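Got the structure open in your viewer? Here's a little tour of what to select next and what you'll find there.

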Amino acid sequence: MRLSALVLAAFVLPTAAAAQTLPTLPTLDETPAQRTARRAAMTPPELQEDTALQAAIGSDTRPAADTARDAFRHPFETLTFWGLTPGSTVVEIEPGRAGWWRNILEPYAGATGGRYVPVNRPLEGMGVEDGSADLIVVARAFHNWHRAGRTAPYMQAFFKALKPGGILAVEQHRGAEGLNADATAPTGYVSESYVIHAAQAAGFVLDARSELNANPKDDHDHPYGVWTLPPVRVSAPRDGVATDRPTPLTEAERAAFDAIGESDRMTLRFRKPA
């Protein structure tokens, strides 16, 4: 199990020159052993002590339900991998009512002289001047965008809003390679190559990939999609959701899905070319 963010000591902040070597994209004939070896070969991010970020993560103003998820979402490691720095202008796309990332990013920006901008409708405006954002954060949203046909125009809006050298940060439920996004998106998953190709089509360069938020226990095949897993924990069919199993979970099934933990997620860093 990875160390908690709050017990990390001082490390070295990643730079463009120190970015991990990007392996070949996974292929349809990749075996489980090859997948394990490929992921193990990926260089993990090197971390630097950031007391303001540690304070934001450890603040008692964060809801208890948020902090309970830190073991699965690794906020310190993930934000460091993405390249968050003091004073950054950070745009978060569709932060949601719970505001899991917002509850860290907004106080961090306030404490370091930066700016936090939540955006719910990117095509109506990004909330910043073109070419001024340092970091755009997208968490668990591509499956929704694919179903609504929004992926391409959203990526173009992000590219326009970022400054040259700015970062598009992605955390997304990761589906198996080779499956059509039309089939997987309704269950909450898309493949890593789907996201990478969408970003590259908008002009981004894939800067680094991390397995920080990988979960090998997640086989992506659940009765009510990714929402079967914590934290949502759907346990019975939902009205009008055709992909849901028609019967509720048994107690044993519920316990088994809880034991998986949160989803297997890709963690990607894209850069707008300077």
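Start by selecting α2 together with helix α5, which covers residues 75–82. In this predicted model, their axes come within 10 Å and cross at roughly 140°. That angle makes α2 oblique to α5, and α2 goes past α5 in a right-handed crossing. Now show the side chains. From α2, pick Leu53, Gln54 and Ile57; they meet Pro75, Phe76, Leu79 and Thr80 of α5. Colour this contact by class and you get five nonpolar residues, two polar ones and no charged ones.

Keep α2 (residues 51–58) on screen, and add helix α6, residues 102–112. How close do the axes of α2 and α6 come, and at what angle do they cross? They come within 9 Å, crossing at roughly 140°. The two helices are therefore oblique to each other, and here too the crossing is right-handed. On the α2 side, select Ala52, Leu53, Ala56 and Ile57. Their partners in α6 are Asn103, Ile104, Pro107, Tyr108 and Thr112. By class, this contact has seven nonpolar residues and two polar ones, with no charged residue. While you're looking, notice that Leu53 and Ile57 of α2 take part in the contact with α5 and also in the one with α6.

Stay with α6 for the next stop, a cavity. The count comes to one cavity of 30 Å³ or more, and its volume is about 30 Å³. Which residues line the largest cavity? Select Leu84, Thr85, Gly87, Ser88, Val90, Leu105, Tyr108, Ala109 and Thr112. α6 gives the most to this lining, with four residues. You'll recognise Tyr108 and Thr112, which also meet α2. The lining divides into five nonpolar and four polar residues, and none is charged.

Next, move over to the second largest pocket, with about 740 Å³ of space. Its lining has 28 residues. To find your way to the centre, select Arg69, Arg73, Pro95, Ala139 and Arg140, which lie nearest to it. Then highlight α3 (64–67), β1 (89–93) and α7 (142–148): each supplies at least two residues of the lining. What classes of residue make up this pocket's lining? There are 14 nonpolar residues, seven polar and seven charged.

Two backbone details round off the tour. For one of them, follow the loop between β1 and α6 until you reach Glu94. Check the phi angle of Glu94: it is near 50°, a positive value in a residue other than glycine.

For the other, jump to the loop between β7 (223–226) and α11 (251–260), where Pro231 lies. Zoom in on the link between Pro230 and Pro231, and you'll see a cis peptide bond, with omega at about 5°.

Note on methods
Residues are numbered from 1 along each chain as its sequence is written. This is a predicted model: local features need pLDDT of at least 70, side-chain atom pairs count only at pLDDT 80 or more; totals for chains, interfaces and linings use all residues. Side-chain values use heavy atoms; hydrogens and water are left out. Axes are lines fitted to C-alpha atoms, for helices over the stretch in contact, and angles run from 0 to 180 degrees between N-to-C directions. Angles under 35 degrees count as roughly parallel, over 145 as roughly antiparallel, 65 to 115 as roughly perpendicular and the rest as oblique. A crossing is left-handed if the near helix is turned anticlockwise from the far one by less than a right angle, and right-handed if clockwise. Contact means heavy atoms within 4.5 Å. Ala, Val, Leu, Ile, Met, Phe, Trp, Tyr, Cys and Pro count as nonpolar, Asp, Glu, Lys and Arg as charged, and the others, Gly among them, as polar. On a 1 Å grid over the protein atoms alone, a cavity is a set of points where a 1.4 Å probe fits but cannot get out, and a pocket is an open set with protein on both sides within 12 Å along at least five of seven lines; lining residues have an atom within 4 Å of a point. Grid points are joined across faces, edges and corners, and a volume is the space filled by probe spheres set on the points.
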